[in-house]
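Have your viewer ready and a selection box at hand. We will go from stop to stop, with a short note on what to look for at each one.

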Amino acid sequence: MLYTIDMLLDKIKSSEKTYDVEKISKAYQLADKAHEGVLRSSGDPYISHPVAVAYILLEKFWMDTDTICAALLHDVVEDTDITLEEIQKRFGEDVARLVDGVTKIGLVPLNTREEQQAENIRKILIAMSKDIRVIIIKLADRLHNMRTLEARPPEKQRKTSLETMNFYAPIAHRLGISDIKEEMEDIALRYLDPYGFNEIQRQLSLNEVQRDNFIESIKERIRERISDIQPPPIIEGRVKSTYSIYKKVYVKGKNFSEIYDIYAVRVILQTVVECYNVLGIIHDMFRPIPYRFKDYIAMPKPNRYQSLHTTVIGREGVPFEVQIRTQEMHNTAQYGVAAHWKYKAGIQGSVAGEKRFDWIRHILEQQQEADDVEQISEAIKVDLAPDDVYIFTPKGDVISLPAGSNVIDFAYAIHTEVGHKMTGAKVGGRMVSFDYKLSTGDIVEIITGSNAGPNRNWLEIAKTNEAKAKIRSWFKRECREENIENGKVQLEREMKRNGIIADDEMLKNAAQRHRFDTVDDLYAAIGYGGVQISKVITRLKEDQTRQNKLNAAAAVDVQKLVQDASARERKNGVIIDGIDNYPIKYAQCCNPLPGDEIMGFITRGYGISVHKADCRNVKEGLKSENRERWRPAIWASNSTSSFRATIDIIAEDRTALIADITATIANNRIPIYEINAHYLKNGNGNVVVTVEVSGIEQLKNLILRLQKIQGVISAERAGKQ
Ligand code: MN
């Protein structure tokens, strides 16, 4: 659907609230001009997107004028020339701040490394804590982008869906905006698991008519039974969201037919008393399924959701869920924090002093306490996706904790001092261990002692970040000297285990890398559990590896110098069995040169006779009874000895040939020992010259030059055996 400004203005006209239509029109005009000529991937004009976002905010929440203006302008600062100052001048401080917040959230990459991600999420939470409307606009922005995701390339579809599933939907859930949360999840699922999504859709459509009739008949029967309630209750019926069914089928591994609450019927009343009365009537009409009743009125969810839930089976044998709540609870359930704008005369977006935003402040406070980004990241994950248990104090107060919490978490949730002074705990009147996992309905009594203090191993046991942060800060505060000693011992033990030898410099670097001023601070943090020792070790290991490489490089240099020096002093250039000072004689049969592969023959009393490895005498020798005396040999580098080699040249007969050959050899400063020339039968000349060279390289060079002499047909080393 293409959203237009006319639709937006019509929507505003239909509202009971008052809007500054002129301001909104001006915001539209500015955005329209700024995005002029730009198209979305779908081919629609870009302006249709901000208009859609503004429309969603009206349609769902009746957000205020400034929010609607900011929605219209939310992409101009990032995508066009218009500056924030300009927006501030024309639309005021609030609109500018909202646009800035939304722009910044949009720039935060969420699928980055864990550390980076935690930092980014922190930025978003800070933006939210300043003005919650920022994230509400962002959620509407994301919802419209999800609705139009079809037009994007597949890679982008997946990435955006993943981000939505992991971040925006949980935020919507935490803010209690189930409406947006469910739509986001269903669309994201379509791209993340098309197979699973289609399968559920197919199953649902199989008996659509039957299903509609079923829900209608249930609604009708309930309506009849409670017809005496005035004003008449609202009764709704629906199929639950695709993603909630998906989770049950694919994550919990249930059969499609086993899922109890594909169908949900909702009864919306005026008072809480009516809610409990209607619950009784429902249980009288249909058979309740045991353990499926939940009283979220007495124990609201952390996102303030309130309702009675029960699952029952009708005559048809089909189970369905019934949700019973008041109108006000219903508003909160659908729109969460945004219900404020929808049903009350607009409030400011600040979260200060608002109890419902406690969790945002909590996360931010914990982050200031935490020294380690992994803790922050974990805190956010746990706090954004709470699956809570409800625990009672002996006085009957209810404390909600994340599932899996134990008595330590409970003690710290009551009060920090209760946690610190805990010496034991009773559940249902019986003593339990500290790691006792609490379940909903447990009545827990914490026993305290005046001289008690937390134990270090509580850090391992505690499940909630709140408890961990409090325990850590106790150790941080109470025992610095002890922490330093403790941390030092721990780190030294781990370094030893990992073969790390760290000098002061390395430790200082490590401390700085973890943002501590001194090594003692690092030790202390390890001591009280503020820094994970494994992380310190990982980085020290990297340092060590780097250092080792540098050392190795330096060692190679030194070794080379030593080698060079000894090479100069060496009398000869052949090493046999690692020994280089044998008396050497070069075999006349093959004239080995440095660079040739060689073998040495250990003579009796003559030292070593060196042959080319492919010399006929070597081959014979290795078969003889003396084969033990033949040893592999290598040339020492930088040998200063010289060698004789014979070169065999064939050339066309011409005058001055021999003069050219001798001149070439002389020009290379190579001494000639012997030179012979004669005619071959075909009329070509053959020149055989014996020279003294320093090695095979020099010989090769000489041969190349000889080959270039005019008339030379071939020139090669003689005596190849
Ligand atoms: Mn946008």
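## First stop: a serine in a helix

Select S473, which sits in helix 23, residues 465-478. Helices here are DSSP runs of H or I with at least four residues, strands are runs of E with at least two, and both are numbered from the N terminus. Before you go on, note that this is a predicted model, in which local features need pLDDT of at least 70 and side-chain atom pairs count only at pLDDT 80 or more, while totals for chains, interfaces and linings use all residues. Residues are numbered from 1 along each chain as its sequence is written, and side-chain values use heavy atoms, with hydrogens and water left out.

Now show the side chain of S473: it reaches the backbone oxygen of K470 at 3.1 Å. Then add Y528 to your selection. Its C-alpha atom is separated from that of S473 by 8.0 Å, although the two residues are 55 apart along the chain.

## A threonine and a histidine

Next, pick T310 in strand 5, residues 308-313. Is T310 buried or exposed? With a relative accessible area of 1%, T310 is buried. The cut-offs are under 20% relative accessible area for buried, over 50% for exposed, and partly exposed in between (1.4 Å probe, protein chains only).

Display H283 as well, and you will find a polar contact of 2.7 Å between its side chain and that of T310. A polar contact is a pair of N or O atoms within 3.5 Å; within protein, one must be able to donate a hydrogen and the other to accept it, and residues adjacent in sequence count only if both atoms are side-chain atoms.

## Salt bridges to click through

How many salt bridges does a search of the whole structure find? The search finds 23. The term stands for a side-chain nitrogen of Lys or Arg within 4 Å of a carboxyl oxygen of Asp or Glu.

Start with R190 and E150, whose closest N and O atoms are 2.9 Å apart. R190 belongs to helix 11 (residues 178-192) and E150 to the loop between helix 9 (133-147) and helix 10 (154-174), so this pair ties together parts that are 40 residues apart in sequence. R190 is partly exposed at 32% relative accessibility, and E150 is exposed at 56%.

Stay with helix 11 for the next pair, R238 and E182, where the closest N and O atoms are 3.3 Å apart. Because R238 lies in strand 1 (residues 234-239) and E182 in helix 11, the salt bridge ties together parts that are 56 residues apart in sequence. Both partners are partly exposed: R238 has a relative accessible area of 26%, and E182 has 23%.

Now select E321 and K240, whose side chains meet in a salt bridge of 3.1 Å, N to O. E321 is in strand 6 (residues 319-326) and K240 in the loop between strand 1 and helix 14 (242-251), so the parts tied together here are 81 residues apart in sequence. E321 counts as buried at 4% relative accessibility, and K240 is buried too, at 13%.

To finish this part, show D64, D94, R97 and R133 together: they are linked in a network of salt bridges.

## Backbone stops

Which peptide bond is worth a look between Q230 and P231? The bond from Q230 to P231 is cis, with omega near -15 degrees. You will find P231 in the loop between helix 13 (208-225) and strand 1.

Move on to W62, in the loop between helix 3 (48-61) and helix 4 (65-72). Its phi is near 50 degrees, a positive value in a residue other than glycine. W62 counts as buried, at 16% relative accessibility.

R669 also has a positive phi, about 55 degrees, although it is not a glycine. Look for R669 in the loop between helix 29 (657-667) and strand 18 (672-679). With a relative accessible area of 76%, R669 is exposed.

## Last stop: a charged patch

Switch to a surface view and select E481, E485, E492 and D520, which form a negative surface patch. Patches are made of residues with over 30% relative accessible area and no salt bridge, with like charges joined within 9 Å and nonpolar side chains (Val, Leu, Ile, Met, Phe, Trp, Tyr) within 5 Å. Helix 24 (residues 480-497) gives the largest share of the negative patch, three residues. E492 has its place in helix 24, and it counts as partly exposed at 41% relative accessibility.

Key
Areas by Shrake-Rupley, 256 points an atom, 1.4 Å probe, with all protein chains shown as cover. Lys, Arg positive; Asp, Glu negative; His and termini not counted. Charge placed at Lys NZ, Arg CZ, Asp CG, Glu CD.
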